[in-house]
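Here are some exercises to work through with the model open beside you. Try each task before you read its solution.

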Amino acid sequence: MNKSEFLNLFKLSPLAESSHQFRYSLVSDRPTRQAAVLIAITERNNQLEILLTKRAKHLKHHAGQISFPGGKAEAHDDNLKVTAVREFEEEVGIKREQLELLGCMHPYQTISGFDVLPVIAYLHEPITFNIDTNEVDEVFFVPLEHCLDTNNHLHVATQLRGQDYKVTFIPYQDYNIWGATAAMLKDFALHFQQPSLG
């Protein structure tokens, strides 16, 4: 899939229903907090690839896990798209002018109480990182085709307070993508399996 095909498929396909069934209200009386992540697609090595980060090992939450750049909404953010772009710029040091925002996926609720909006963007070259080492240990890329191939999606059944859930894993080389990040990629893959409107 090249850039043109990707853009057409993403923009013309109806947004599929989310496969993520967890709802924070089933395990807590507290309201969810708003957050956003940025799923950046770019062209490298003659293919489309997705940018991911490995969170810093010293962080209190989700240390060392694979994630998209992102974080909680701040009071000065006009909306969650602004949140996603701001966090992307802060974490990996790539200027927002290089991002072409394409749209959003369904929000994703986490066990830690966040309602996370995945924002999709195309990342234009040149790509030069200035990583915030307080938050990120590593930035790497995964081929888009690997993430869209549901044969690469593994699922483990689990329970939380009597509710059954499936945790998604997407292994790639030495990386183990799982949890919220893998679930968002699963929804992303399902989106591309929908019949287009064109």
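Contact means that heavy atoms lie within 4.5 Å. This is a predicted model, in which local features need pLDDT of at least 70 and side-chain atom pairs count only at pLDDT 80 or more, while totals for chains, interfaces and linings use all residues. Residues are numbered from 1 along each chain as its sequence is written, and side-chain values use heavy atoms, with hydrogens and water left out.

**Exercise 1. A charge without a partner**

Task: Find which residues Asp187 is in contact with, leaving aside neighbours within four places in sequence.

Solution:
- Start in helix α4 (residues 179-192), where Asp187 sits. Helices (H or I, at least four residues) and strands (E, at least two) are DSSP runs, numbered from the N terminus.
- With those sequence neighbours set aside, Asp187 touches Glu17, Ser18, Ser19, His20 and Met105.
- Now look for a salt bridge, meaning a side-chain nitrogen of Lys or Arg within 4 Å of a carboxyl oxygen of Asp or Glu. Asp187 has none, and Lys186, the nearest side chain of opposite charge, is 6.7 Å away. For charge, Lys and Arg count as positive and Asp and Glu as negative; His and the chain ends are not counted.
- Asp187 is nevertheless buried. Buried means under 20% relative accessible area, exposed over 50%, and partly exposed in between (1.4 Å probe, protein chains only).

**Exercise 2. Follow the salt bridges**

Task: Work out which residues are joined with Arg86 into one network by salt bridges that share partners.

Solution:
- Side chains of opposite charge can pair when their charged atoms come close. The structure holds 5 salt bridges.
- Take Asp77 and Arg86: their closest N and O atoms are 2.8 Å apart, and both residues are buried.
- Next, Glu90 meets Arg86 at 3.4 Å, N to O. Both belong to helix α2 (residues 80-92) and stand 4 residues apart, about one turn of the helix.
- Compare their surroundings: Glu90 is partly exposed at 39% relative accessible area, whereas Arg86 has 9% and counts as buried.
- Put the links together: shared partners join Asp77, Arg86, Glu87 and Glu90 into one network.
- Another salt bridge links Glu89 and Arg96 at 2.6 Å, N to O. Arg96 is partly exposed, at 37%.

**Exercise 3. What surrounds α2?**

Task: Describe the ends of α2 and what covers its buried residues.

Solution:
- At the N-terminal end, Asn79 acts as a cap, with a side-chain oxygen 3.0 Å from the backbone nitrogen of Lys81.
- Just after the helix, Gly93 takes a positive phi of about 80°.
- Buried residues of α2 include Leu80, Val85 and Phe88.
- Their cover includes strands β1 (33-44), β5 (99-104) and β8 (136-143).

**Exercise 4. Pair the rings**

Task: Decide how the rings of Phe140 and Tyr175 are arranged.

Solution:
- Rings of Phe, Tyr and Trp (its six-membered ring) pair if their centres lie within 6.5 Å; planes under 30 degrees apart count as stacked, over 60 as edge-to-face and the rest as tilted. By this rule there are 6 aromatic pairs.
- Phe140 and Tyr175 are 3.7 Å centre to centre with 0° between the planes, a stacked pair.
- Phe140 lies in strand β8 and Tyr175 in strand β11 (residues 175-178), so the pair ties together parts 35 residues apart in sequence.
- Both count as buried: Phe140 at 6% and Tyr175 at 17%.

Conventions. A polar contact is a pair of N or O atoms within 3.5 Å; within protein, one must be able to donate a hydrogen and the other to accept it, and residues adjacent in sequence count only if both atoms are side-chain atoms.
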